[in-house]
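Thanks for making time this morning. I would like to walk you through one structure, and I will put it on the screen before I say anything about it.

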Amino acid sequence: MFKIQGPAFPRYATLADKAGWWLVRAACVAILLFLLAPILVMVPLSFSDSSFLSYPIPGWSLKWYRNLLDSPEWARAAKNSFIVAPAATLIATALGTLAAVGLSRSNFRFKSLLMAILIAPMVVPIVVVGVATYLYFAPLGLADSYFGLIVVHAALGAPFVLTTVLATLAGFNHNLVRASLSLGETPLRTFFRITLPVIAPGVISGALFAFATSFDEVVVTLFLAGADQATLPRQMFTGIRENISPTIAAVATLLILFTTALLLLLEWLRGRRA
C-alpha cells in the first residue's frame with residue numbers, strides 16, 4: 001500500500017512557518033482555479049441543448065458535437081489545421097534544431113545579434129507579423145495559399161525549437177562528437193547517431209511548442225488565409241463574430257482536451273529528460 005506523506009518541514013520550523021507554507025499553496029491553487037475558470041465554463045456549455053451560450057443549462061445533449069461532425073465548414077477547418085500545423089512543425093523543428101546546433105558550436109562577433117533576430121518572431125507583436133507578411137506575400141501571390149501560411153507558421157514556431165534545443169545543448173558533451181569524428185565518422189552520421197539521440201527530448205519539446213503555436217494561431221491566418229485555408233481558430237473567430245453557436249463550445253472543449261494531452265506529453269518528456 002502507498003502512504004501519502006505530508007511536506008518534510010525542518011525541525012526548527014514553527015507553527016507560523018507551517019501555516020505560511022499551507023497558506024501560500026492555497027493561494028496558488030486559488031489563483032490557478034481563477035485563471036482556469038473561464039476555460040472550464042465552456043465544457044458544460046458544449047453539452048447544453050440550448051441554442052444559446054447561457055447558464056443555467058436547461059438540459060443536456062450531444063447535438064452540438066453531432067452538428068460539428070456534420071458541418072462541412074468545421075470539417076474543412078479541421079482538415080486545414082491538420083495540414084498546416086504538422087507541415088509548419090516539421091519545417092520549424094528542422095530549422096530550429098540546425099540553428100541551435102550551429103550556434104552552440106561556434107562563437108563569433110555578432111552571435112548575440114543573430115540570436116536576437118532568430119527569436120524575434122517570439123517577441124514581435126503578432127499583428128505586426130500579420131501585416132508585414134501580408135504586405136510581402138500579397139505581391140508574390142502567396143497571400144491565399146497553404147505555402148505562405150505554412151512558411152509564416154514555421155517562422156513563428158522555430159524560435160521555440162531554437163530555445164529548447166539550445167537549453168538541451170547547454171549540458172551536451174561535445175567530446176562525444178570529437179571522438180566520433182576522430183574515429184572516421186562523417187559529420188552527418190555523427191549528428192544523427194550521436195548528437196540527435198542526446199538532444200531528442202529538447203527537439204521533441206520544441207516541436208510540441210511549435211505545433212501548439214501553429215495550431216492555435218489566428219491573427220496571421222486572418223491576414224493570409226483565404227476561405228479555402230481557414231483553420232479551426234479562424235473558423236471559431238468567424239463563428240463568434242457572425243453567429244454565436246454552442247458548436248463553438250464543442251470545438252473549444254475538444255481543443256482543451258487536445259492541448260491538455262500535448263501538455264501531459266510534454267511533461268512526460270521532461271520527466272524522461274530529467
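Let me begin with a question: is Trp21 buried, partly exposed or exposed? Please keep in mind, while you look, that this is a predicted model. With a relative accessible area of 25%, Trp21 is partly exposed, because the buried class ends at 20%.

Before going further, a word on confidence. The pLDDT averages 82 over the protein, and 92% of the residues reach at least 70. Residues 1-5, however, have a pLDDT below 50, and in the model this stretch makes zero contacts beyond near neighbours in sequence. Where pLDDT is low, the predicted coordinates should not be read in detail, and I will leave that stretch alone.

Now to the aromatic rings. A pair of such rings is described by the distance of the centres and the angle of the planes. The count of aromatic pairs comes to ten. One of them joins Trp21 and Trp22, whose ring centres are 4.5 Å apart and whose planes stand at 85 degrees, so this pair is edge-to-face. In another, Phe47 and Tyr65, the centres are 5.2 Å apart and the planes are at 35 degrees, which makes the pair tilted. Phe47 sits in the loop between helix H2 (42-45) and helix H3 (63-70), while Tyr65 belongs to helix H3, so the pair ties together parts that are 18 residues apart in sequence. As for accessibility, Phe47 is partly exposed at 27%, whereas Tyr65, at 15%, counts as buried. Ring pairs also link Phe82, Phe211, Phe215 and Phe258 into a cluster.

Let me turn to the helices. Two packed helices are described by the angle between their axes and the distance between the axes. For helix H7 (residues 126-137) and H8, the axes come within 12 Å and cross at roughly 145 degrees, and the crossing is right-handed. On the H7 side the meeting residues are Ile126, Val129, Thr133 and Phe137, and on the H8 side they are Gly148, Val151, Val152 and Leu156. Sorted by class, this contact has six nonpolar and two polar residues, with no charged ones.

I would like to finish with His153, which also lies in helix H8 (residues 146-169). How buried or exposed is His153? Its relative accessible area is 2%, so His153 is buried. Setting aside the neighbours within four places in sequence, His153 is in contact with Val84, Ala88, Ser214, Glu217 and Thr221.

Technical notes. Residues are numbered from 1 along each chain as its sequence is written. This is a predicted model: local features need pLDDT of at least 70, side-chain atom pairs count only at pLDDT 80 or more; totals for chains, interfaces and linings use all residues. Side-chain values use heavy atoms; hydrogens and water are left out. Helices (H or I, at least four residues) and strands (E, at least two) are DSSP runs, numbered from the N terminus. Buried means under 20% relative accessible area, exposed over 50%, partly exposed in between (1.4 Å probe, protein chains only). Contact means heavy atoms within 4.5 Å. Axes are lines fitted to C-alpha atoms, for helices over the stretch in contact, and angles run from 0 to 180 degrees between N-to-C directions. A crossing is left-handed if the near helix is turned anticlockwise from the far one by less than a right angle, and right-handed if clockwise. Ala, Val, Leu, Ile, Met, Phe, Trp, Tyr, Cys and Pro count as nonpolar, Asp, Glu, Lys and Arg as charged, and the others, Gly among them, as polar. Rings of Phe, Tyr and Trp (its six-membered ring) pair if their centres lie within 6.5 Å; planes under 30 degrees apart count as stacked, over 60 as edge-to-face and the rest as tilted. pLDDT is the predictor's confidence in each residue, from 0 to 100.
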